[in-house]
Amino acid sequence: MCGIAGIFSHKPVAAELYDSIIHLQHRGQDAAGIMTYDDRMHKEKGVGLAKEIFNNENMKLLTGNIGISHNRYPTHGGFSHGEVQPFWTSVPYGIALAHNGNLTNYKELASEVIKTETRYLNTTSDSEVLLHLFADGLHRDVPPQTNEEFFELLCEAVENIFNKVRGAYSVTSIIIGKGLVVFRDPQGIRPLVKGQRPNGNGGKDYIFASENTMFYAMGYEPAGTVLPGELIYVDESGQVFSKRLIKKTFNPCIFEYVYFARPDATLNDVSVYRARLRMGQNLAEAWQKKHPDKTPDIVIPAPSTANTAALSFAHELGVRYSEGLYKNTFIGRTFIMPGQAERKKSVKYKLVPQELEIRDKKVMIMDDSIVRGNTSREIVRMLKDFGANEVYFAVACPPVKSPCFYGVDMPTRGELIAGNMNVDEIKSYLNVDALLYQKIDDLAEAVTRRGDHHIDRPCMACLDGNYVVNDIDGAKMDEMETMRVNDRNGND
Ligand code: SF4
């Protein structure tokens with residue numbers, strides 16, 4: 001999972017790209033990069049949080065009114081500095097590209113780039129392959145003369161990508177002398193929203209980003225979503241060209257709503273906050289049906305992604321919502337910390353139970369999802385240590401049974417608790433008095449009930465095993481899992 005942004009402005013963009021990274025920091029805390037251009041490319045990138053990478057000195061070097069940024073948490077490729085996006089190539093034009101997603105036919109594409117296009121790959125990142133495919137598609141002995149002709153060439157190059165590349169990809173790119181380009185995979189799996197603001201000279205500035213979390217702070221008005229299969233080009237004069245090159249079903253990632261996106265984001269024209277409230281409502285209804293005799297005294301969210309769903313869950317049940325677990329926000333989310341040992345260690349550092357809220361009560365703990373189960377088990381243990389009479393567990397998302405190959409860093413099948421245990425076994429493992437998962441249809445309903453959206457059915461492959469690009473069979477799953485494990489271990 002990563003965060004990307006691209007800005008076309010009437011004034012220097014570096015500071016706003018930095019702000020975009022800050023507002024998307026929850027999507028990737030491993031590394032970040034910014035590239036801008038005026039008469040040449042300027043780049044700064046590094047490993048760590050944005051505030052550790054950028055400073056007054058290196059920000060001054062990022063000149064230009066057009067640029068892109070990237071927050072990285074790798075789902076493909078290693079963890080080193082060389083793998084940090086944006087990537088760039090000098091031929092043709094000078095092109096830089098940032099990508100959120102994961103290409104499932106990386107191996108085939110990489111060997112095509114190396115053999116057919118005789119380009120050198122300097123990393124194992126799928127984003128670098130995407131850059132070279134894009135660059136190759138734009139290479140012409142006689143370059144187009146007008147921006148209209150250049151847009152036609154862009155359409156051809158991106159359509160070629162849509163035909164060749166499998167998996168999920170939202171892309172921002174800058175091209176020297178040409179402008180800003182964005183596109184989104186044909187099924188719109190990873191998010192990409194757009195915004196605009198008047199530039200004071202009768203024209204407009206434009207922003208494209210994984211989430212609209214920075215729009216208000218930066219004075220942009222939300223302008224909807226980049227559609228699946230759509231290409232948008234803003235030329236250097238601010239003229240906008242756009243075309244939906246291919247129409248397939250719209251299957252955006254449901255996990256964005258469950259866990260990743262910030263609650264104040266609106267993705268695919270659906271409010272994440274409202275979707276989470278509806279998840280809590282649907283789950284409360286199911287709880288009352290299944291466990292009419294088990295009404296908790298108190299509902300405590302596993303902070304903080306589950307807070308919103310827990311709020312509506314408690315409201316529907318007519319019981320008190322309590323922040324009975326205090327989260328130390330200076331420790332990163334355990335889900336995105338590499339390595340099992342670190343994760344185990346971090347639960348107690350991260351969450352502190354409040355005894356007054358717990359002792360002698362029937363406590364309902366609510367979490368957005370259960371992935372490996374270790375954190376949930378430790379939370380239950382903490383609640384019991386602090387005197388809970390009974391502990392119930394409700395999960396806003398159905399059991400996570402399969403890995404994600406579309407840009408979210410999920411564990412392998414062997415590490416997913418629901419891939420190895422049924423619900424009763426998980427209940428025993430967690431040592432809770434009752435456990436209820438959201439049903440798949442109730443989750444999809446919660447996301448799609450409202451909003452002026454065009455979602456056909458969200459991607460829920462990690463929950464129902466239906467890989468929406470139709471690109472994953474047993475052999476591919478083995479290949480992708482092996483690649484992922486090697487990346488984590490730093491092997492070639
Ligand atoms: Fe999102 Fe799961 Fe689909 Fe991955 S498999 S894109 S996490 S819904």
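Tutor: Buried means under 20% relative accessible area, exposed means over 50%, and partly exposed lies in between. The model discussed here is predicted.

Student: Is N268 buried or exposed?
Tutor: N268 sits in the loop between β14 (266-267) and β15 (270-271). Its phi is positive, about 55°, although the residue is not a glycine. The cut-off for burial is under 20%. N268 has 3% relative accessibility, so it counts as buried.

Student: Is N470 buried or exposed?
Tutor: N470 also has a positive phi without being a glycine, about 60°. Its place is the loop between α17 (461-464) and α18. The relative accessible area of N470 is 67%, so the residue is exposed.

Student: How many helices and strands does the chain have?
Tutor: The chain holds 492 residues, of which 61% count as buried. Its secondary structure comprises 18 helices and 22 strands.

Student: What radius of gyration does the chain have?
Tutor: The C-alpha trace spans about 75 × 50 × 40 Å along its principal axes. For 492 residues, a compact globule would have a radius of gyration near 23 Å. The chain agrees with that expectation, because its own value is 23 Å.

Student: Among contacts between residues at least 6 apart in sequence, what share joins residues at least 24 apart?
Tutor: Contact here means heavy atoms within 4.5 Å. Among the chain's contacts between residues at least 6 apart in sequence, the share that joins residues at least 24 apart is 72%.

Student: How much of the accessible surface belongs to carbon and sulfur atoms?
Tutor: The accessible surface of the chain comes to about 19,200 Å². The part of it belonging to carbon and sulfur atoms is 48%.

Student: How far apart are the mean positions of the positive and negative charges?
Tutor: The chain carries 56 positive and 63 negative charges. Averaging each set gives two mean positions, and their separation is 4 Å.

Student: How many salt bridges does a search of the whole structure find?
Tutor: Side chains of opposite charge can pair when their charged atoms come close. The cut-off is a side-chain nitrogen of Lys or Arg within 4 Å of a carboxyl oxygen of Asp or Glu. The number of salt bridges found in the whole structure is 19.

Student: What N to O distance is given for the salt bridge of E211 and R27?
Tutor: E211 is buried because its relative accessibility is 0%. R27 is likewise buried, at 3%. Their side chains meet in a salt bridge with an N to O distance of 2.7 Å.

Student: How many residues apart are E211 and R27?
Tutor: E211 is in the loop between β10 (204-209) and α7 (215-218). R27 is in the loop between α1 (14-23) and β2 (31-37). The pair links distant parts of the chain, and the separation is 184 residues.

Student: Which residues are linked with R27 and E211 in a network of salt bridges?
Tutor: The network is made up of four named residues, with R27 and E211 among them. The others are R190 and E256.

Student: Which residue forms a salt bridge with E481?
Tutor: E481 counts as buried because its relative accessibility is 12%. Its partner counts as partly exposed, at 30%. The closest N and O atoms are 3.1 Å apart, and the partner is R413.

Student: How many residues apart are E481 and R413?
Tutor: E481 belongs to helix α18 (residues 474-489). R413 is in the loop between β21 (390-395) and α14 (417-420). The separation along the chain is 68 residues.

Student: Which peptide bond leading to S304 is cis?
Tutor: S304 lies in the loop between β16 and α10. The bond in question has omega near 0°, and it runs from P303 to S304.

Student: What separates the C-alpha atoms of A306 and G280?
Tutor: A306 is placed in the loop between β16 (298-301) and α10 (307-317). The residue is buried, because its relative accessibility is 2%. A306 and G280 are 26 residues apart along the chain, and the distance between their C-alpha atoms is 9.1 Å.

Student: Which residues does A306 touch, not counting residues up to four places away in sequence?
Tutor: The count leaves out residues up to four places away in sequence. With those set aside, A306 touches P301, M366, D367 and D368.

Key. Residues are numbered from 1 along each chain as its sequence is written. This is a predicted model: local features need pLDDT of at least 70, side-chain atom pairs count only at pLDDT 80 or more; totals for chains, interfaces and linings use all residues. Side-chain values use heavy atoms; hydrogens and water are left out. Helices (H or I, at least four residues) and strands (E, at least two) are DSSP runs, numbered from the N terminus. Buried means under 20% relative accessible area, exposed over 50%, partly exposed in between (1.4 Å probe, protein chains only). The radius of gyration is taken over C-alpha atoms; the globule rule is 2.2 Å times the number of residues to the power 0.38. Accessible areas come from the Shrake-Rupley method with a 1.4 Å probe; for residues, only the protein chains shown count as cover. Lys and Arg count as positive and Asp and Glu as negative; His and the chain ends are not counted. The place of a charge is taken as NZ of Lys, CZ of Arg, CG of Asp or CD of Glu.
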